[in-house]
Amino acid sequence: MIFLEVLLFILGVALFTVTLSSIIGVPFLPTHHKQARAMMEFAALRPGLRVVDLGSGAGRLLFLAAERGADAVGYELNPVLYFWTLLVIKLKGLSGRVSVRCQSLYQADLSGADVVFAFLFPKPMAKLAPKLFTEMKPGATIISYAFSIPGHTPIKKEQGIFVYKV
Ligand SMILES: C[S@@+](CC[C@H](N)C(=O)[O-])C[C@H]1O[C@@H](n2cnc3c(N)ncnc32)[C@H](O)[C@@H]1O
């Protein structure tokens, strides 16, 4: 009986989290493990690089980037996912290298980013495009999973991952 109650509670939290992200703009769906690892390869991450994940969800891309030595910042408006990421940062002892902000991704500071990751929808990608290409420094990399950036040609497209250079 207690097992059923715990299961229902977990399902309730998961449903609430996905619904809340949908209301914010994009439902919460973590990038698949295989594609997440490919995104790290395409970004050629190394220690010292600065990574931003726009809509960082539960932080999967942030933690993979940190494993490769990069410094990672996530922007996530869903409070459940924001606090979950904060907790995992603490548990993994990554406070100096990974951070998350409960702030709209449209307000993200992209000026210092070497790599920006995004897994959003077509509309937010179109809205983000001018910000990405004006705020990011020349030579920086944008990696979008599942959706392209309208009006821009990727330098690479593989496994549903679009890679752009500013
Ligand atoms: C498809 S998930 C991607 C999660 C993560 N980047 C990953 O690849 O595993 C999109 C996330 O963007 C967040 N999001 C949507 N609109 C946002 C906004 N305006 N500001 C911040 N986060 C947003 C949602 O809450 C959701 O967690």
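**View 1. The ligand and its shell.** In this predicted model, 24 residues surround the ligand, each with a heavy atom within 4 Å of it. Ser21, Thr31, Asp53, Gly55 and Glu76 are the closest. By class, the shell holds 14 nonpolar, eight polar and two charged residues. Here Ala, Val, Leu, Ile, Met, Phe, Trp, Tyr, Cys and Pro count as nonpolar, Asp, Glu, Lys and Arg as charged, and the others, Gly among them, as polar. Residue numbers start from 1 along each chain as its sequence is written. Local features need pLDDT of at least 70, side-chain atom pairs count only at pLDDT 80 or more, totals for chains, interfaces and linings use all residues, and side-chain values use heavy atoms, without hydrogens and water.

**View 2. Polar contacts of the ligand.** Polar contacts are pairs of N or O atoms within 3.5 Å. A polar side-chain atom of Asp53 lies 2.9 Å from a ligand nitrogen. A side-chain N or O atom of Glu76 is 2.7 Å from a ligand oxygen. Leu105 uses its backbone: an N or O atom there lies 2.9 Å from a nitrogen of the ligand. On its own the ligand has 610 Å² of accessible area (Shrake-Rupley method, 1.4 Å probe). The protein covers 97% of that area.

**View 3. The largest pocket.** The ligand sits in the largest pocket (more than half of its atoms lie within 2 Å of the pocket's grid points). A pocket is an open set of points on a 1 Å grid over the protein atoms alone, with protein on both sides within 12 Å along at least five of seven lines. Its volume, the space filled by probe spheres set on the points, is about 470 Å³.

**View 4. The pocket lining.** The largest pocket is lined by 30 residues, each with an atom within 4 Å of a point. Val26, Gly55, Glu76, Phe119 and Leu120 lie nearest its centre.

Note on methods:
A polar contact is a pair of N or O atoms within 3.5 Å; within protein, one must be able to donate a hydrogen and the other to accept it, and residues adjacent in sequence count only if both atoms are side-chain atoms. On a 1 Å grid over the protein atoms alone, a cavity is a set of points where a 1.4 Å probe fits but cannot get out, and a pocket is an open set with protein on both sides within 12 Å along at least five of seven lines; lining residues have an atom within 4 Å of a point.
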